[in-house]
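These notebook entries record what I looked up in one structure, in the order in which I went through it.

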Amino acid sequence: MKRRALVVAVAVAAILLVLFVLAVPLIRQARRGAQRNVCLVHLRQITGAKASWAMAENQPADAMPSWADLDPYFYGGTNAMVCPLDPNGSCVTSYEIGRLGRLPRCKIMPHEHAFPKRARVVGMLIVVDEEE
Ligand SMILES: [Zn+2]
């Protein structure tokens, strides 16, 4: 009887181990995707703040805003504008604002936290052209 209980316990432990080993990469992948999405939302918000600032301040098309210029255009200021992979950083360490009409850039993961290469800024929007 005790031997049978031991066999069942070992089988259950083996099944749990297999499930755990299968789940870990999926959880990591989901976490990376979520972090990327948060960063892309920040990049969209920076693009919108740049356009709002340009309209409010009547700026030329190639003007270069600073974080202080954009601060009033973020709900809660620029403090929330931090890449999820830069938890102790700030907007300055996380993002490069860029000129008007240019996409802002994540400094932490510039290749993974980026819009497709064919993305461009149109006013307050980020437009991604269809692939041909
Ligand atoms: Zn990022």
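**Entry 1. Nonpolar core.** I looked up the largest nonpolar core of this predicted model. The core has 12 residues: Cys39, Leu43, Ile46, Ala49, Leu70, Met81, Val82, Cys83, Cys91, Tyr95, Ile97 and Cys106. I then asked which element gives the most to this core. That element is helix H1, residues 2–56, with four residues.

I followed one core member, Cys83, through its contacts. Leaving out residues up to four places away in sequence, I found that Cys83 touches Cys39, Gly89, Ser94, Cys106, Ile108 and His113. Cys39 and Cys106 are themselves listed in the core.

**Entry 2. Overall form.** I recorded three helices and four strands for the protein. Along the sequence their pattern reads α-α-α-β-β-β-β. The radius of gyration is 23 Å, well over the 14 Å that the globule rule gives for 132 residues, so the protein is more spread out than a compact globule. Along the principal axes, the C-alpha atoms fill a box of roughly 85 × 40 × 20 Å.

I also noted how much of the protein is buried: 16% of the 132 residues count as such. Among contacts with a separation of 6 or more, 45% are accounted for by residues 24 or more positions apart.

**Entry 3. Helix H1.** I checked the length of H1 against expectation. At 1.5 Å a residue, the 55 residues of H1 should span 81 Å, and the end C-alpha atoms are 78 Å apart, which agrees. I asked where in H1 a kink lies. A kink of about 25 degrees lies at Ala23, shortly before the proline Pro25.

I listed the buried residues of H1 as Cys39, His42, Leu43, Ile46, Thr47, Ala49, Lys50 and Ala51. Of these, Cys39, Leu43, Ile46 and Ala49 appear in the largest nonpolar core. I next asked what covers the buried residues of H1. The cover includes helix H2 (67–70), strand S1 (95–96), strand S2 (105–106), S3 and S4.

I looked at Ala56, which lies in H1. With 11 C-beta neighbours inside 10 Å, Ala56 counts as exposed, the limit for that class being 12 or fewer. I also took its distance to Arg32, 24 residues apart in sequence: the C-alpha atoms are 36 Å apart in space.

**Entry 4. Asn58.** I placed Asn58 in the loop between H1 and H2, just after H1. Asn58 has a positive phi of about 50 degrees although it is not a glycine. I noted for comparison that most residues other than glycine have a negative phi. I then asked whether Asn58 is buried or exposed. Asn58 is exposed, with 7 other C-beta atoms within 10 Å.

**Entry 5. Two further loop residues.** I took Asp71 from the loop between H2 and helix H3 (91–94). Asp71 is partly exposed, with 16 other C-beta atoms within 10 Å; a count of 20 or more would be needed for a residue to be buried. Setting aside neighbours within four places in sequence, I found Asp71 in contact with Gly77 and Thr78. Asp71 and Trp53 are 18 residues apart along the chain, and their C-alpha atoms are separated by 9.5 Å.

I took Arg102 from the loop between S1 and S2. Arg102 is partly exposed, with 15 other C-beta atoms within 10 Å. Between Arg102 and Ala119, 17 residues apart along the chain, I recorded a C-alpha separation of 9.9 Å.

**Entry 6. The S3–S4 hairpin.** I closed with the pairing of strand S3 (residues 119–122) and strand S4 (residues 125–128), which is antiparallel over four bridges. Ala119, looked up above, thus falls within the range of S3. I asked which residue of S4 is the bridge partner of Arg120. The partner is Val127.

S3 and S4 form a hairpin with two residues between them. In the turn, Gly123 has a positive phi of about 60 degrees. I set this beside Asn58, whose phi is positive at about 50 degrees.

Note on methods: Residues numbered from 1 in each chain as written. Predicted model: local features only at pLDDT ≥ 70, side-chain atom pairs only at ≥ 80, totals over all residues. Pairing = 2+ DSSP bridges. Core = buried A, V, L, I, M, F, W, Y, C linked by C-beta atoms within 7 Å. Contact = placed C-beta atoms within 7 Å. Rg over C-alpha atoms; globule rule 2.2 N^0.38 Å. Expected span 1.5 Å × (residues − 1). Bend = angle between axes of the 7 residues up to and from the residue.
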